[in-house]
Amino acid sequence: MKKLLILNGPNLNLLGVREREIYGSRTFEEYLAELKAEFDGRVELDYFQSNSEGALIDALHNARERYDGVILNAGGYTHTSVALADAIAAVAACGLRTVEVHISNIMAREAFRHVSLIAPSCAGSIAGFGLHSYKLAILSFL
């Protein structure tokens with residue numbers, strides 16, 4: 001059975017409340033329960049969310065010895081964090097694959113969102129499929 005860590009970055013704790021026209025009306029916790037039920041027996045899912053860049057980096061460092069892969073929605077840090085990109089590259093060198101996920105299609109949004117600093121360090125990127133993007137990321141590990 002695969003063991004995966006889902007990491008959500010800043011403001012994703014407000015899913016279901018913030019900008020519903022972009023992010024929908026469901027909380028991530030509601031969706032996570034569905035994912036766990038759907039992949040029961042095939043994938044063990046753990047979840048961590050933080051608005052702090054350092055906490056996300058620490059979670060990535062700690063994941064290398066405990067997980068088969070990471071699904072990361074870095075939120076706004078996607079476009080700004082060299083440190084997070086470096087952490088993804090470091091754990092990749094240790095054999096831990098990270099898949100970048102976005103709920104919205106970042107290429108269809110503001111120009112500053114068109115650049116992902118973390119994408120070059122990730123095994124792949126999935127964007128624009130709503131919360132379903134996480135399911136697609138899980139499938140990439142199977």
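Contact means heavy atoms within 4.5 Å. The exercises below use a predicted model.

**Exercise 1. Describe the place and surroundings of A119.**

Step 1. Locate the residue: A119 sits in the loop between β4 (97-102) and β5 (124-127).

Step 2. List its contacts. Leaving aside residues up to four places away in sequence, A119 touches E100 and S125.

Step 3. Classify its exposure. The relative accessible area of A119 is 26%. Buried means under 20% and exposed means over 50%, so A119 counts as partly exposed.

Step 4. Compare chain and space. A119 and S133 are 14 residues apart along the chain, and their C-alpha atoms are separated by 15 Å.

**Exercise 2. Decide whether T78 is buried or exposed, and find what surrounds T78.**

Step 1. T78 belongs to the loop between β3 (69-73) and α4 (82-93).

Step 2. Its relative accessible area is 0%. The cut-off for buried is under 20%, so T78 is buried.

Step 3. Look for a polar partner. A polar atom of the T78 side chain lies 2.8 Å from the backbone oxygen of G75.

Step 4. Add the contacts from further along the chain. Not counting residues up to four places away in sequence, T78 touches E100, H102, V115, S116, L117 and I118.

**Exercise 3. Work out which residues of α3 and α2 are buried, and how they are arranged around each helix.**

Step 1. Begin with α3, residues 53-63. Its buried residues are L56, I57, A59, L60 and A63. Seen down the helix axis, they fall within an arc of 160 degrees, so they line one face of α3.

Step 2. Find the packing partners. The buried residues of α3 pack against β1 (2-8), β2 (43-49), β3, α4 and β4.

Step 3. Repeat for α2, residues 28-38. Here F28, Y31, L32 and L35 are buried. Down the axis of α2, these residues fall within an arc of 105 degrees, and therefore they line one face of the helix.

Step 4. Find what covers them. The cover over the buried residues of α2 includes β1, β2 and α5 (132-140).

**Exercise 4. Describe the largest pocket and its lining.**

Step 1. The space in the largest pocket is about 190 Å³.

Step 2. Its lining is made up of 15 residues, of which Y23, G75, G76, R109 and R113 are the closest to the pocket centre.

Step 3. Sorted by class, the lining has 5 nonpolar, 7 polar and 3 charged residues.

Step 4. Link back to Exercise 2. G75, one of the residues closest to the pocket centre, is also the residue whose backbone oxygen lies 2.8 Å from a polar side-chain atom of T78.

Technical notes: Residues numbered from 1 in each chain as written. Predicted model: local features only at pLDDT ≥ 70, side-chain atom pairs only at ≥ 80, totals over all residues. Heavy atoms only, no water. 1 Å grid on protein atoms, 1.4 Å probe; cavity = no way out; pocket = protein on both sides within 12 Å on 5 of 7 lines; lining within 4 Å. Points joined across faces, edges and corners; volume = space filled by probe spheres on them. Nonpolar A, V, L, I, M, F, W, Y, C, P; charged D, E, K, R; others polar. Helix = DSSP H or I, 4+ residues; strand = E, 2+ residues; numbered from the N terminus. Buried < 20%, exposed > 50% of the residue type's maximum accessible area, 1.4 Å probe, protein only. Polar contact = N/O pair within 3.5 Å; in protein donor to acceptor, adjacent residues only side chain to side chain. Arc of directions from axis to C-beta.
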